[in-house]
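This report describes one protein chain for a first-year reader. Look over the sequence and the model before reading on.

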Amino acid sequence: MIQFDQNDSNRMMEAKMSTVTDVPATTGARHGFDSLEEETHLDGLPVHGQLPPWLRGSLLRTGPAKWEVGNRTMSHWFDGLAMLHRFSFGDGGVSYANRFLESRAYRAARDRGEIAYSEFATDPCRSLFARVSAMFSPKLTDNANVNLTKLGERFISMTETPIPVQFDADTLAAAGVAYEPPGQLTTAHPHMDRATKGMLNYAAKLGPRTSYRFFLLRPDSSKPEVIATRGVREPAYMHSFGLTDRWLVLAEFPFVVSPPRLAFSGRPYIENYRWKPELGTRFHLFDRSTRESIGPFETDARFSFHHVNSYEEGDEVVVDISTFSDAGIVEDLYMERLRAGKPVAPGYLERFRISPAAGTVTSERLIEESIDLPRINYGRCNERPYRYAWGVGFGGGWIDRIVKADVVERRSTVWAEEGCFPGEPVFVAAPEAGGEDEGVLLSIVFDGRRGNSFLLVLDARSLDELARAEVPHHIPFGFHGQFARA
Ligand SMILES: [Fe+2]
């Protein structure tokens, strides 16, 4: 564990990197992109260290696990067939189970060896006739490999197509389509509506009059209610959005798509998007009670997948986002590149201040350490001023550290271990916690030296290791998960 502030960050990083990573991170990380075929259930994983006695429940995660189907290989990290993973904690022990998400896309791959649905960057093989038919009824994938959520008593796995898949958290068996978002594109990063305990999410409705939409899905309902809408000609790629007490915050990065091209190009989904930096980044604010929208408020071009947090401060809206300088990260994440050990661009934590009255947006980088896959103490701090975010950081070309950002003191703390490549650190608050960072982080780490993965438990305050539980095989690099308390 190393702590440093912005002024001496470069010196500290140089010192650390010489001991932590003597070879490019991508070299050791490559096998984290191997497919995993086996479905297992293992009780009593070997645990080193001491788990907090209060940690009871399950870390549930989804992520791509298999890229080879028939004689084809999926093109992009985001294309892989979804697998659910569960680490359960109780009585000092840890169990692990994994199972492919039995979607239509998965069944076609398993039963017929076919990529039958359009993924992020991979299309089914089609005859000319089938391609023409597909323009009018695109076979959208239900390969929900990005994130999952608990809504009421339902567990739902999600991707960016409007086919979220419900599943049983005990058996990890798929249980059909959870609900139908009001559009053809959506995000796998919904927010919780504190008032209703429902889910707020985004959808893009494509057609002659394309629009951005926000919707609310109540915990006991399968019928989303559209709560705000705004027309757009070329919608931007949207992976997440921000939320404050008053506003839904839509950050429109200039990676945009023409709906007719999406329908008629015959190219895989993401290859229809175009980087147009001249458009800049445009923030739209949707009032949660009046449903009116204001903006756009414009600043320079950026690209991002992940909002970190947003809140109001005086007359300003503060929007923290993990940003990239451009959309090149999408190219960086093609499987051929990742499996060849090519480096990916790092993202950085940036704060945007929107002044609706002045019509201005300012921005600043909050910490020098790179960070993405960000998490916060969500229940306590989302929509509110906050101090801490946790995420993964990039060194040597790939994710090789866990980063804690103190956005008040502008400092960061790092956990890293040579040859180890962590995934998203999920924060779990200690019961009756006093401090915002009182709790643990749970991260699946791929150990490139031994070729297997382990579940790492860190003290969220200090990033000191509390325990690790070893899995006998590797767990392919994934995206997101949630902790469900027992
Ligand atoms: Fe994401």
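The text below moves from the whole chain to its strands and then to its core.

**The chain as a whole**

The model is predicted. Its average pLDDT, the predictor's confidence in each residue, is 92, and 92% of the residues score at least 70. Confidence is not even along the chain: over residues 1-23 the pLDDT stays under 50. For that stretch the model has 28 contacts beyond four places in sequence.

The secondary structure consists of 8 helices and 37 strands. The chain is as compact as a globular protein of 486 residues, because its radius of gyration of 21 Å is close to the 23 Å that the globule rule gives for that length. Along the principal axes, the C-alpha trace spans about 60 × 60 × 45 Å. Of the 486 residues, 50% are buried. If one takes the contacts between residues at least 6 apart in sequence, 57% of them join residues at least 24 apart.

**An open sheet**

Which strands make up the open sheet of 5 strands, and in what order? The order is β2-β8-β7-β4-β37, and the pairing is antiparallel. At the edges lie β2 (41-42) and β37 (480-485), each of which pairs on one side only. Within the sheet, β4 and β7 run antiparallel and are joined by 9 bridges. In this pair, L60 stands opposite R86 of β7.

**A hairpin**

Strands β11 and β12 also run antiparallel, with 2 bridges between them. V165 has V177 in β12 as its bridge partner. The hairpin has 6 residues between its strands, and L172 takes a positive phi near 65° there.

The table sets the two strand pairs side by side.

| Strand pair | Residues | Bridges |
|---|---|---|
| β4 and β7 | 57-66 and 81-90 | 9 bridges |
| β11 and β12 | 165-167 and 174-177 | 2 bridges |

**The core**

Which residues touch the most other members of the largest nonpolar core? They are L101, L248 and V249, in a core of 139 residues. Leaving aside neighbours within four places in sequence, L101 is in contact with T62, A82, M83, L84, Y106, A144, S157, V165, F167 and A174.

This list ties the core to the strands described above. T62 is a contact of L101 and falls in β4, residues 57-66. A82, M83 and L84 are contacts as well, and they belong to β7, residues 81-90. From the hairpin, L101 meets V165, F167 and A174; the strands there cover residues 165-167 and 174-177.

Notes:
Residues are numbered from 1 along each chain as its sequence is written. This is a predicted model: local features need pLDDT of at least 70, side-chain atom pairs count only at pLDDT 80 or more; totals for chains, interfaces and linings use all residues. Two strands pair if DSSP finds at least two bridges between them. Helices (H or I, at least four residues) and strands (E, at least two) are DSSP runs, numbered from the N terminus. A nonpolar core is a set of buried Ala, Val, Leu, Ile, Met, Phe, Trp, Tyr and Cys residues joined through C-beta atoms within 7 Å. A residue is buried if 20 or more other C-beta atoms lie within 10 Å of its own, exposed if 12 or fewer, and partly exposed in between; C-beta atoms are placed from the backbone. Two residues are in contact if their C-beta atoms, placed from the backbone, lie within 7 Å. pLDDT is the predictor's confidence in each residue, from 0 to 100. The radius of gyration is taken over C-alpha atoms; the globule rule is 2.2 Å times the number of residues to the power 0.38.
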